[in-house]
Amino acid sequence: MPVDDRDHDHHQDHDQEDRFEVRLGEALHQAGGAYETDRRALVAAGATRGHRLLLRRRAAVVAGVASVALVGLGGALLVPGGDDGRQSVATGAKTPVASATPKASYTGDELIGILEKLLPRGEFSSAQARGTDDKLPPYAQVVHDDGKGKAAIAVGFDRVLPGSEQARQTVECPDKVLTPYDSCVVTRLSDGSALKIFQGYEYPDRRSDTKLWTADLVTPKGQHVSVSEWNAAAEKGAPVSRAEPPVSTARLKTLATAAAWLGVVDAIPVDPKAPTAEPAQPSGIAGGAIASTLVSLLPKGVKVVAKSGPDSGYAYVVVDDGKGRSLVQINVQPNMANVEGELFGADAETLADGTKVVTHKEPGEKGGAGVVMWTADTIRTDGFRVVVSAFNSGSQETAATRTTPALTTKQLRAIAVSTKWRGLG
């Protein structure tokens, strides 16, 4: 995943300015899909799925990434996932209305002033912002103290192409198997805008004490407003100062849909080189077909208790053999000959038809305590690659729930070398 991922160090005098920009960028790319596999899978998947490689580290977040078809946005809003699988379509929610006399531009100080007026009463400090005339996306961020502890609160602005993958992912709830969170609800406003309210963590793979709550609004015109709040004075590096962020989910909705923000988005200079249509996506194998084939190849005695959606080139199932849940994930990728030398060394097994096979037993890479990852990786002579991994937990981000994965490396190998995959590719 993925989308990507760790924050980079920079000179201290630029850190404060850059942090929200980085987080906003993550929000506009939620991956993740977003699905993240092991190092080897990431290397190869990146070559075939591009930016759609995986829901990356936090599905979500500063807005997460967040599936909603925004073409037209006048019809029903179909949202997979949601809060424990639920979804909300609320036509009576407040609809933002653009100002009748929009300003041509906004300074950073003006954005800070608007944000402070829209927040509950309290003391403000550590304000930072960037106006609409800058080449980078505008934002405003303050530290707010309502008497119950300091909290960082930020708002960012951008445009997304209506109906695009980016627009869809911005208001999509992440998959809980891949990114733990407490709640995510998407609603449709009366004007067709989509609003996502997300309650999660700054480090979802570790379920840290630092909570991150976000609200993302995307209008039919592609105006994007992203609000984020933490229960600490900074999103990273500051101790938790309160149990929860200060702004309730109801007030998050009000804050994200404030009419003034749409005028800010409209004041962002239009890039004449910006695409006016969704770029063609590389063709891939449907995730639904991959998941069905994977289920058909599972050994007897395991029960499928969860599985992934239709993301191209990737699928997962969560199985239970009576000893606890175990995540099994798979990538099916044509035309991967360019990574063969990197992934399949001299120790690789070569089958009679020329297929190369390697197996690995490694620690998990997503932070779950005690998680191990067993993998079988294969590549055919024409570059057709199948890599399948199993874990001793129902999610990479949660602690191990069993000693070993539900599938052995021998069983994983049998799945990866199956001739059924050729029928898909």
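Is Asp 382 buried, exposed or partly exposed, and at what relative accessibility? Asp 382 counts as partly exposed, because its relative accessibility is 41%. The views below are of a predicted model.

**Figure 1. Asp 382 and Arg 422 form a salt bridge.** The closest N and O atoms of the two residues are 2.7 Å apart. The pair links distant parts of the chain, 40 residues apart. Asp 382 sits in the loop between strand 13 (372-379) and strand 14 (385-391). Arg 422 belongs to the segment after helix 9. With a relative accessible area of 36%, Arg 422 is partly exposed. Asp 382, at 41%, is partly exposed too.

**Figure 2. Confidence across the predicted model.** The average pLDDT of the protein is 78. A score of at least 70 is reached by 72% of the residues. Residues 1-100 have a pLDDT below 50. Beyond near neighbours in sequence, this stretch makes 324 contacts in the model.

**Figure 3. An open sheet has seven strands.** The strand order is 1-2-3-7-6-5-4. Pairing is antiparallel. Strand 1 (123-130) and strand 4 stand at the edges. Each edge strand has a single partner strand, so one side of each is left without a neighbour in the sheet. Neighbouring strands are turned by 10 degrees against each other on average, direction ignored.

**Figure 4. Strand 5 pairs with strand 6 inside this sheet.** Strand 5 covers residues 194-201, and strand 6 covers residues 211-218. The two run in the antiparallel sense and share eight bridges. One bridge puts Tyr 201 opposite its partner Lys 211 in strand 6.

**Figure 5. Helix 3 and helix 5 pack on the sheet.** Helix 3 spans residues 108-118. Its contacts include strand 1, strand 2 (139-145) and strand 3 (150-159). The direction of helix 3 makes about 45 degrees with that of strand 2. Helix 5 spans residues 249-256. This helix touches strand 5, strand 6 and strand 7 (223-230). The direction of helix 5 makes about 135 degrees with that of strand 5.

**Figure 6. A disulfide joins Cys 173 to Cys 184.** A search of the whole structure finds one disulfide. The S to S distance is 2.0 Å. How is the disulfide handed? The torsion about the S-S bond is about -85 degrees, so the disulfide is left-handed. Cys 173 lies in the loop between helix 4 (165-170) and strand 4 (183-188). Cys 184 lies in strand 4 itself. The pair therefore ties together parts that are eleven residues apart in sequence. Both Cys 173 and Cys 184 are buried.

**Figure 7. Arg 168 and Glu 165 meet in a salt bridge.** The whole structure holds ten salt bridges. In this one, the closest N and O atoms are 2.4 Å apart. Arg 168 and Glu 165 are three residues apart in helix 4, which means that about one helical turn separates them. Arg 168 is buried, as is Glu 165. Salt bridges that share partners join Glu 165, Arg 168 and Glu 172 into one network.

**Figure 8. The side chains of Glu 349 and Arg 413 form a salt bridge.** The N to O distance is 2.8 Å. The partners are 64 residues apart, and the pair links distant parts of the chain. Glu 349 is in strand 11 (residues 349-350), while Arg 413 is in helix 9. Glu 349 counts as partly exposed because its relative accessibility is 35%. Arg 413 is partly exposed at a relative accessible area of 25%.

**Figure 9. Gly 322 sits in a loop.** The loop runs between strand 9 (314-320) and strand 10 (325-333). Gly 322 has 68% relative accessibility, so it counts as exposed. Lys 303 is 19 residues away along the chain. The C-alpha atoms of Gly 322 and Lys 303 are separated by 8.4 Å.

**Figure 10. Ser 418 lies in the segment after helix 9 (409-416).** Is Ser 418 buried or exposed? Its relative accessibility is 11%, so Ser 418 counts as buried. Leaving aside residues up to four places away in sequence, Ser 418 touches Leu 297 and Arg 380.

Definitions and conventions:
Residues numbered from 1 in each chain as written. Predicted model: local features only at pLDDT ≥ 70, side-chain atom pairs only at ≥ 80, totals over all residues. Heavy atoms only, no water. pLDDT = per-residue confidence, 0-100. Contact = heavy atoms within 4.5 Å. Disulfide = S-S within 2.5 Å. Helix = DSSP H or I, 4+ residues; strand = E, 2+ residues; numbered from the N terminus. Buried < 20%, exposed > 50% of the residue type's maximum accessible area, 1.4 Å probe, protein only. Pairing = 2+ DSSP bridges. Axes fitted to C-alpha atoms, helices over the stretch in contact; angles between N-to-C directions. Salt bridge = Lys/Arg side-chain N within 4 Å of Asp/Glu carboxyl O.
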